[in-house]
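Shall we work through a structure together, one exercise at a time? Have the sequence and the 3D view at hand, and try each task before you read its solution.

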Amino acid sequence: MTGGPDSTLLVILPAWNEQDALPRVLAELQVALPGADLLVVNDGSTDRTAQVAREGGAMVLDLPLNLGVGGAMRAGYKFAARRGYDVAVQVDADGQHDPADVLRVVDALRTEQADVVIGARFAGRGTYAVRGPRRWAMRLLSSSLSRVAKTRLTDTTSGFKASNRRAIALFSVDYPAEYLGDTIESLVIASRAGLRIRQIGVEMRPRVAGTPSHNPAKAAIFLGRAVLALVIALTRPAHRAAGGHA
Amino acid sequence: MSGYYFALAACVALVVFLVVLLRRRRLREKYATAWILLALGVCVLGAFPGAVEAVASVVGVRTPSNLLFALALVVLLGVCIQLSVEITMLEEESRTLTEEISLLRYDVEELAARVGSSPAASPASAPALPSAVQDPVPDAGLGGALVDVVRAPADVRDDG
């Protein structure tokens, strides 16, 4: 269970009240990745997420407060950094990400010689589609972030991401907890720190439980907050150059 | 004229109140300094009301009281911004602590599981830990896990 010499891949699942979706996701991950360690970061859930995760054979980090995805992920990256994992993969606990794609994303770290690989929608695979303001926001974000990262990124709000040791070390100290900080700003932080970001296309599946929102007002708010997050992230002083160490 | 005496008394009372808060450690000095300076300034204005009129005519404000209102707004705005900054800092600190607690809890649960599963451990809670620590078999594992526990605070400081 704990990080032995052979198991150097850690799958981090930030989970907030995901007791319904989690068992199936964990079971599928264990079939797809028999050698990997699974870490569920229980983000202050009020349901049985932690118990379900333990029963599903995952390690559990129990956050006493709800920190949001960014907070949960930084805790997960700290765990990965302290226990010396070579690769950490962030996978959504709601079952949107196909466990079969995890290995492809991890392999891309090596084949693309990247520090961070994003499992991206809209990259030629899958049928996931959005419309209206949300689509404009995502277009704007991907074109701006592609310029920052100096590579073509089509899905900057993806929660499907593999990181190598360099990226784990960076994210374990600097991973924003703000809204969209875990996706947009973390990419800005990584590219500013000199990490190589690449993406590969993945398929998104409908959520196992819960429903996505398609409210246009919410989408407009999303657009505003996304632009604000991006502008702030880009104007922030880059306070830490990534060490070539670790 | 009695209005000025009342204002002066109120300002003195404010200064005394702040000093009392400071003495009881209910208020940290970094917040109190600005307030005390402000209260002393208002005391001076209360004692010498002519000063406001003089300053108002210098900076071109026709009604002296409007100058005071404008200054009060600026001061309150500054205080609000300072408090927001401090809250942000507190949130970041509590976030870091939350992460550390979860990591430590994981280490503790891991240790407890090892101690509980070792054959030397007795089911009674009190003597279980020492006997297991003396047991040579789980000792190596305990040491390794303890290194993680001890190493944790150093990483916290990196965040600051």
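Below are four exercises on this predicted model, each with a worked solution.

**Exercise 1. Describe the overall build of chain B.**

Start with the secondary structure: chain B has 6 helices and 0 strands. Reading from the N terminus, you meet the elements in the order α-α-α-α-α-α. Next, look at burial: 23% of the 160 residues of chain B count as buried. Then turn to the outside, where the accessible surface of chain B comes to about 11,000 Å², with 71% of that belonging to carbon and sulfur atoms. Finally, take the contacts in chain B between residues at least 6 apart in sequence: 49% of these join residues at least 24 apart.

**Exercise 2. Find the spans of chain B that UniProt lists as "transmembrane region", and describe residues 34–61 and 67–85 in the model.**

First, go to the record: an unreviewed UniProt entry lists residues 6–22, 34–61 and 67–85 of chain B under this name. Now take residues 34–61 of chain B, a span that is 86% helix and 0% strand, with its end C-alpha atoms 25 Å apart. Residues 67–85 of chain B are 100% helix and 0% strand, and here the end C-alpha atoms lie 27 Å apart.

**Exercise 3. Locate the nonpolar surface patch, then decide whether B:L38 is buried, partly exposed or exposed.**

Begin with the members: B:W35, B:L38, B:V42 and B:L76 form the patch, and together they have about 320 Å² of accessible area. Helix α2 of chain B, residues 29–47, gives the most to this patch, with 3 residues. B:L38 lies in that helix, α2 of chain B. For the last step, you need the cut-offs: buried means under 20% relative accessible area, exposed means over 50%, and partly exposed is in between. B:L38 has a relative accessible area of 33%, so B:L38 is partly exposed.

**Exercise 4. Characterise the interface between chain B and chain A.**

Count the residues first: the contact takes 20 from chain B and 23 from chain A. In chain B, the residues that lose the most area to chain A are B:R95, B:L103 and B:Y106, which together make up 33% of what that side buries. As for area, about 1,900 Å² is buried between chain B and chain A, and carbon and sulfur atoms give 48% of it. Now look for charged pairs: there are 8 salt bridges between the two chains. One salt bridge to find in your viewer joins the side chains of A:D62 and B:R105, at 3.3 Å from N to O.

Methods:
Residues numbered from 1 in each chain as written. Chains lettered and ligands numbered in written order. Predicted model: local features only at pLDDT ≥ 70, side-chain atom pairs only at ≥ 80, totals over all residues. Heavy atoms only, no water. UniProt positions renumbered as here; feature names shortened; annotations may be inferred. Helix = DSSP H or I, 4+ residues; strand = E, 2+ residues; numbered from the N terminus. Patch = residues over 30% accessible without salt bridge, like charges linked within 9 Å, V, L, I, M, F, W, Y side chains within 5 Å. Areas by Shrake-Rupley, 256 points an atom, 1.4 Å probe, with all protein chains shown as cover. Salt bridge = Lys/Arg side-chain N within 4 Å of Asp/Glu carboxyl O. Buried < 20%, exposed > 50% of the residue type's maximum accessible area, 1.4 Å probe, protein only. Contact = heavy atoms within 4.5 Å. Buried area = accessible area lost by both parts, 1.4 Å probe.
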